Amino acid sequence: MGYAVIFLAAALLPAASGISVEWDAAEGILRSTPTLQAHHPCLYLTVQLVTNPLVERKSPVHDNVFQSLQDLNASFARFSMWFPYPHVAVAELDPPSANSTSWDFKYMDPLVEDFMSATQVPFKQLHTPHPLRAAPLS
Amino acid sequence: MNFATPPTWMFNTTSWSYPTDPDDVTPPPPPSCKQVDWGYEQGVNPKSLTDLGDYFGRLAAHYMAGGFVDENGVFQSSPYHYNFTHW
């Protein structure tokens with residue numbers, strides 16, 4: 001929908017304002033990295049995992065989900081705690097009182113642990129265009 | 001890491017309801033799930049950006065620094081010292 005509006009606006013611009021669009025003129029090179037909620041066979045493999053009941057430890061597909069996430073070996077992996085599951089996404093569901101707080105991580109911690117275990121492969125995810133060099137000590 | 005949901009009580013709303021029982025039984029499958037609440041986010045502006053920042057600071061400390069000092073001065077420890085390279 002958004003692209004349709006942009007293209008329609010661009011098509012109407014010459015008639016409306018006298019501005020012409022030069023689609024072949026390169027102003028710069030796009031260096032963004034696409035991120036999807038599934039794997040994507042591009043230069044940088046990126047993935048986003050979103051909290052939902054199927055990634056809980058009690059889920060019958062939990063083990064397969066996180067094994068697949070590890071096997072994917074994504075260049076960038078993102079974990080998103082979104083709002084429809086407040087007990088998972090929010091660690092303090094009520095404001096503090098004078099003598100107590102509601103901090104509770106019991107639903108959030110297992111998901112973070114499993115995500116980090118599946119994505120923290122030492123140095124395996126690190127991709128740089130040039131070799132890294134350590135700074136001189138002196 | 002994208003902890004995308006701030007507490008609703010930190011916003012300009014008098015209601016910050018959430019499911020009382022996180023384990024839902026309806027619909028039946030999957031066998032256990034967190035009760036969905038599409039209306040959790042309410043309010044527009046945070047009451048205090050400082051409090052909001054403190055919340056995420058404590059959340060970060062829980063996972064990256066082995067714990068945090070809560071609003072009442074109590075240290076709440078955690079076993080985590082993760083290195084979140086991007087927040």
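Two strands count as paired when DSSP finds at least two bridges between them. Keep that in mind as you work through these exercises, and remember that the model is predicted.

## Exercise 1: Build the sheet

Work out in which order the strands E1(A), E2(A) and E1(B) form their open sheet, and which of them are the edges.

Step 1. Start inside chain A. E1(A) and E2(A) run parallel and are joined by five bridges. One spot to look at is A:Gln48, which sits opposite A:Arg78 in E2(A).

Step 2. Now cross over to chain B. Strand E2 of chain A, residues 76–81, is joined to E1(B) by two bridges, and this pair runs parallel too. Here A:Ser80 stands opposite B:Asn2.

Step 3. Check the cut-off: a pair needs at least two bridges. The two bridges between E2(A) and E1(B) satisfy it, and so do the five between E1(A) and E2(A).

Step 4. Put the pieces together. The order is E1(A)-E2(A)-E1(B), an open sheet of three strands with parallel pairing. The edges are strand E1 (46–50) of chain A and strand E1 (2–3) of chain B, each of which pairs on one side only.

Step 5. Add the helix. Helix H4 of chain A, residues 108–119, packs on this sheet and touches E1 and E2 of chain A as well as E1 of chain B. The direction of H4 makes about 175 degrees with that of E2(A).

## Exercise 2: Look at both sides of E1(A)

Find out which residues of E1(A) point one way, which point the other way, and whether they are buried or exposed.

Step 1. Recall the general pattern. Side chains of a regular strand alternate between the two faces of its sheet.

Step 2. Sort the residues. A:Thr46, A:Gln48 and A:Val50 point one way, while A:Val47 and A:Leu49 point the other way.

Step 3. Check how covered they are. Five of the five residues of E1(A) are buried, so the strand is mostly covered.

## Exercise 3: Trace a salt-bridge network

Identify the partners of A:Arg57 in its network of salt bridges, and say where they lie.

Step 1. Recall what can happen. Oppositely charged side chains can pair when their charged atoms come close.

Step 2. Take A:Glu113. Its side chain meets that of A:Arg57 in a salt bridge, 2.8 Å from N to O. A:Glu113 is in helix H4 of chain A, whereas A:Arg57 is in the loop between E1 and helix H2 (62–72) of chain A, so this pair links parts of the chain 56 residues apart.

Step 3. Take A:Asp114. This residue also forms a salt bridge with A:Arg57, with the closest N and O atoms 3.0 Å apart. A:Asp114 lies in H4 as well, so this pair ties together parts that are 57 residues apart in sequence.

Step 4. Compare how covered the three residues are. A:Asp114 is buried, because its relative accessible area is 13% and the cut-off for buried is under 20%. A:Glu113, at 24%, counts as partly exposed, and A:Arg57, at 45%, is partly exposed as well.

Step 5. Name the result. A:Arg57, A:Glu113 and A:Asp114 make up the network.

## Exercise 4: Get to know chain B

Describe the pattern of helices and strands in chain B, then locate its salt bridge between B:Arg58 and B:Glu71.

Step 1. Take stock. Chain B has one helix and five strands, and along the sequence they follow the pattern β-β-β-α-β-β. Of its 87 residues, 39% count as buried.

Step 2. Find the pair. The closest N and O atoms of B:Arg58 and B:Glu71 are 4.0 Å apart. B:Arg58 is in helix H1 of chain B, and B:Glu71 is in the loop between strand E4 (67–69) and strand E5 (75–77), 13 residues apart.

Step 3. Check their cover. B:Arg58 is buried at 16% relative accessibility, while B:Glu71 is partly exposed at 28%.

Step 4. Finish on the surface. B:Val36 and B:Trp38 join A:Trp82 in a nonpolar patch with about 310 Å² of accessible area together. B:Val36 lies in the loop between strand E3 (33–34) and helix H1 (49–64) of chain B, and is partly exposed at 36% relative accessible area.

Methods
Residues numbered from 1 in each chain as written. Chains lettered and ligands numbered in written order. Predicted model: local features only at pLDDT ≥ 70, side-chain atom pairs only at ≥ 80, totals over all residues. Heavy atoms only, no water. Helix = DSSP H or I, 4+ residues; strand = E, 2+ residues; numbered from the N terminus. Contact = heavy atoms within 4.5 Å. Axes fitted to C-alpha atoms, helices over the stretch in contact; angles between N-to-C directions. Patch = residues over 30% accessible without salt bridge, like charges linked within 9 Å, V, L, I, M, F, W, Y side chains within 5 Å. Areas by Shrake-Rupley, 256 points an atom, 1.4 Å probe, with all protein chains shown as cover. Buried < 20%, exposed > 50% of the residue type's maximum accessible area, 1.4 Å probe, protein only.
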